[in-house]
Amino acid sequence: MGIAFVGPDARLYSASGDGSNVVALTKDDATGRRAEAWPTWSPDGRWLAFSRMHVHDDTFTAGAVHVTSHDGQQQAEVIAAEQFAPIYLSWSPNSRWLTLLLQDQTGLSLQLAEILDGQPRPPRPIDRGAPLFTSWSADSRRLVLHIGGDRRLAAGARLALVQIEGTSQPRILQMAPASFNAPACAPDSTGWAYASPAGERDGLFVERDGRIQLLAQGHSFAFNWAPNDGQLGFTSQANPADNFYTGLSLASESSPVSQLAPEERLMAFFWAPGGQQLAYFSPTADGLTLTVIDADGRNPRALAAFTPTNEFTQLVSFFDQYAQSHQLWSPDGSHILFAGTRSAGNGASNSPYLFAAAADGSSPPRPIADGVI
């Protein structure tokens, strides 16, 4: 599998992991200028989903979602309409289903499309509301939804469970949501994590087979599961008014909370594919720093300081959702991608750049190509 990215010209490209073999997957046509965004690999590595906006006189006129093969030779339209914008795309773990979060004139709509060998069937609506966050179960049979934000501030806020096969309506879950973004389904498909009010603070909970367990208390949690075991990485705000998180910790249902970086200010963190390392991004006056730490809390190493692109800023701002659909780590866990302008400069290019940082810190970040995400 290579890298998919969006260049400064808003075109979709693919490249090898070392930046060679750059291929343009999309181009302008006679219908006018188009802008692509947010390429999203299917887990089997065969397909890319991406959003497209048609532009006329610098105004967006219509939106669409497409899928393409990794070489751009086979492409298909999933959905297209005037006056709507694709917000977020996420493949099911078995690469059969694609969720589409769409902004239309009345709010946010979540739809589900079946993609069979690159051929999409018409999407069906699942639910509506704003904000709206999702998490796939590892067996691709269920979606957990968080809609409407914090129940203490919005009466319609809710957690819900959707069975993918069939046409049943989302089932509202017992617990009310607190201040957090995306729920997280456990890697063994037996449960999910979410935040719910717990006294005067928020609680981080895991629910399995009707059993609910409180793991930690704090403010505005963000969390994701390790890919290969029952550990849940999480962070929270020290003060509800903060624009960043403080501390990086691990929790499980069978062991107490362990703190990996208790005093670090964080914007985002991402598990390595093997679950042995985590990468986290911390805010600075000029942008972000990238640090990698072992999952036992040892060997933290700072890899890069950079000013992120607008798109990369969006990714880290909602990392708990994007970490479930967009992988910054290389499949072998050796490198992490980021997009922006390095403090040391981007060399001869004046454009934002896509970089690959060696996770062990053995070499400086390597430029891949001009790119924004």
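This passage walks through the overall build of the protein, its nonpolar cores and two individual residues.

The model is a predicted one. It is mostly a story of strands, with 30 of them alongside two helices. For a chain of 373 residues, a compact globule would come out with a radius of gyration near 21 Å, and the protein sits at 20 Å, so the two agree. Laid out along its principal axes, the C-alpha trace covers about 60 × 50 × 35 Å. Just looking at contacts between residues at least 6 apart in sequence, 40% link residues at least 24 apart.

On burial, 56% of the 373 residues count as buried. The exposed surface adds up to about 16,100 Å², and carbon and sulfur atoms account for 48% of that area. As for charge, there are 36 negative side chains and 24 positive ones, with the centres of the two sets 5 Å apart.

Now to the inside. In soluble globular proteins, nonpolar side chains tend to be buried together. Here the largest nonpolar core takes in 75 residues, and the members touching the most others are Phe-281, Phe-312, Ile-336 and Phe-338. The biggest contribution to this core comes from strand β29 (residues 353-358), which puts in five residues. Setting aside residues up to four places away in sequence, Ile-336 has quite a list of partners, among them Ala-279, Leu-290, Val-292, Leu-303, Trp-329 and Phe-355. Three further alanines, Ala-356, Ala-357 and Ala-359, also touch Ile-336.

There is also a second, separate core, made of 26 residues and including Val-144, Phe-223, Leu-232 and Ala-251. Ala-251 belongs to strand β22 (residues 245-251). Its relative accessible area is 3%, under the 20% cut-off, so Ala-251 counts as buried. Beyond its neighbours within four places in sequence, Ala-251 is in contact with Leu-215, Gly-230, Gln-231, Leu-232, Phe-234 and Val-257; Leu-232 is itself named in that second core. Ala-216 lies 35 residues from Ala-251 in sequence, with 8.0 Å between their C-alpha atoms.

Gly-17 gives another picture. This residue is in the loop between β2 (12-15) and β3 (23-24). With a relative accessible area of 38%, Gly-17 is partly exposed. Not counting residues up to four places away in sequence, Gly-17 touches Ile-3, Arg-366 and Ile-368. Ile-79, on the other hand, is 62 residues along the chain from Gly-17, and 30 Å separates their C-alpha atoms.

Terms used
Residues numbered from 1 in each chain as written. Predicted model: local features only at pLDDT ≥ 70, side-chain atom pairs only at ≥ 80, totals over all residues. Heavy atoms only, no water. Helix = DSSP H or I, 4+ residues; strand = E, 2+ residues; numbered from the N terminus. Buried < 20%, exposed > 50% of the residue type's maximum accessible area, 1.4 Å probe, protein only. Contact = heavy atoms within 4.5 Å. Rg over C-alpha atoms; globule rule 2.2 N^0.38 Å. Areas by Shrake-Rupley, 256 points an atom, 1.4 Å probe, with all protein chains shown as cover. Lys, Arg positive; Asp, Glu negative; His and termini not counted. Charge placed at Lys NZ, Arg CZ, Asp CG, Glu CD. Core = buried A, V, L, I, M, F, W, Y, C linked by side-chain atoms within 4.5 Å.
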